[in-house]
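Colleague: I'd like a close look at one part of this model, with the rest of the chain as background. Here is what we're both looking at.

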Amino acid sequence: MFSNLESVLHFSCSSPPNGKSILITERGTDGSFLLHHLVSTYLKAGNGVCLVGLAQTFTHYRCVAAKFSLNLEAEKKAGRLVFVDAMAATASEIVSGNSGGSSSVCFPLDADELQQRQSLKGFYEAIRSAMGELSDWKSKPTLLVVDDLSLPVCLGHSSFSVAVLAQYLQNLVCYSGDGLGAFATLIRADPAAKDDEMESLQRQLTHRCHQLVYVDPLKTGYCRDVDGTISVEFKNLSTEKKERERTQMHFKLTDKGISVFPFGMSAAVL
């Protein structure tokens with residue numbers, strides 16, 4: 001299904017990313033297939049997944065997974081998957097857009113400061129509670145996915161409040177003593193739009209994530225054999241120089257998966 005993609009992203013069912021935070025940035029084309037890949041990778045390895053749906057419903061994810069012979073209903077019953085319908089669980093809080101805090105506040109905030117400054121604290125608590133429903137999340141690697149963290153900004157929350165939320169979610173699965181897992185989220189960025197809050201969110205999340213994945217359309221326009229470009233950056237957050245390794249590939253989506261290949265190596269060329 002995703003054998004080529006796994007080599008680009010440097011993880012697989014036998015070696016899922018642990019202790020890492022992954023930021024997927026859409027820049028003019030859909031990048032949600034990467035979230036599906038991450039969910040599939042963890043579940044097929046027998047690990048747990050907490051999937052937070054801000055942009056999509058569980059029905060959407062169930063239908064997509066079924067194409068790749070993955071039964072999300074069965075995974076839920078087995079205690080390996082929990083789905084948080086964000087809009088149903090904390091709709092009034094997310095839609096209110098009353099984010100409180102000032103962008104001048106520095107990380108890290110303690111729990112009391114988060115409660116005082118951020119209206120998204122209830123959303124965080126709903127996710128943390130859902131994590132507890134996973135059968136082995138404190139003993140096995142667990143993936144926490146939020147499918148679109150740019151949506152709260154679109155609904156009026158400040159980029160700072162959303163970045164604080166992301167920080168606490170990262171700490172929940174990547175750095176806490178309860179378990180070692182990975183945090184992944186997606187944001188939408190329009191290079192042509194002048195949105196200061198969205199640009200601020202992207203900068204803050206980029207600074208704190210280990211792996212950056214950018215999904216772009218072809219600059220030359222539509223092509224039957226190529227859908228776009230995936231650019232991957234791996235950061236070493238433990239070094240002062242913030243060393244980065246970069247990989248860039250073309251991709252083609254199909255009904256049953258995705259093909260990833262170097263520039264100039266599409267089916268049309270070969």
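Colleague: To start with the background, what percentage of the contacts in the chain with a separation of 6 or more do residues 24 or more positions apart account for? Then please zoom in on helix α9 (residues 159-175) and the way its axis sits against that of helix α10 (residues 196-208), and on how α9 packs with helix α7 (residues 121-131).

Modeller: Background first, then. Residues 24 or more positions apart account for 71% of the contacts in the chain with a separation of 6 or more, where contact means heavy atoms within 4.5 Å. This is a predicted model, so local features need pLDDT of at least 70 and side-chain atom pairs count only at pLDDT 80 or more, while totals for chains, interfaces and linings use all residues. Residues are numbered from 1 along each chain as its sequence is written, and side-chain values use heavy atoms, with hydrogens and water left out.

The secondary structure comes to 10 helices and nine strands (DSSP runs numbered from the N terminus, helices being H or I of at least four residues and strands E of at least two). Of the 270 residues in the chain, 52% are buried; buried means under 20% relative accessible area, exposed over 50% and partly exposed in between, with a 1.4 Å probe and protein chains only.

On confidence, the chain averages a pLDDT of 81, and 81% of the residues score at least 70 (pLDDT is the predictor's confidence in each residue, from 0 to 100). Among the elements, helix α4 (residues 72-77) has the highest mean, 95, and helix α6 (residues 111-117) the lowest, 47. Take care over residues 98-117: pLDDT stays under 50 there, although the model has 34 contacts for them beyond four places in sequence.

Now to α9, taking its α10 side to begin with. The axes of α9 and α10 come within 9 Å and cross at roughly 25° (axes are lines fitted to C-alpha atoms, for helices over the stretch in contact, with angles running from 0 to 180 degrees between N-to-C directions). The two helices are therefore roughly parallel to each other, since angles under 35 degrees count as roughly parallel, over 145 as roughly antiparallel, 65 to 115 as roughly perpendicular and the rest as oblique. α9 passes α10 in a right-handed crossing: the near helix is turned clockwise from the far one by less than a right angle, whereas anticlockwise would make a crossing left-handed. From α9, the contact uses Ser159, Phe160, Val162, Ala163, Ala166, Gln167 and Gln170; α10 brings Glu197, Ser200, Leu201, Gln204, Leu205 and Arg208. Sorted by type, the residues of this contact are six nonpolar, five polar and two charged (Ala, Val, Leu, Ile, Met, Phe, Trp, Tyr, Cys and Pro count as nonpolar, Asp, Glu, Lys and Arg as charged, and the others, Gly among them, as polar).

On to the α7 side. Here the axes of α7 and α9 are 10 Å apart, at an angle of about 15°, so this pair is roughly parallel too. The crossing of α7 and α9 is right-handed. α7 puts in Phe123, Tyr124, Ile127, Arg128 and Met131, and they meet Leu165, Tyr168, Leu169, Leu172 and Val173 of α9. The residues of that contact divide into nine nonpolar, no polar and one charged.

Two residues are worth following out of this contact. Phe123, in helix α7, counts as buried because its relative accessibility is 1%. Its C-alpha lies 9.7 Å from that of Met87, with their positions 36 residues apart in sequence. On the α9 side, the C-alpha of Val173 is 9.3 Å from that of Lys138, 35 residues apart along the chain. Lys138 belongs to the loop between α7 and β4 (142-146), and that residue is exposed, with a relative accessible area of 55%.

Away from α9, Thr25 of strand β1 (residues 20-26) is buried, at a relative accessible area of 1%. Leaving out residues up to four places away in sequence, Thr25 touches Ile187, Ala189, Gln202, Val213, Tyr214 and Val215.
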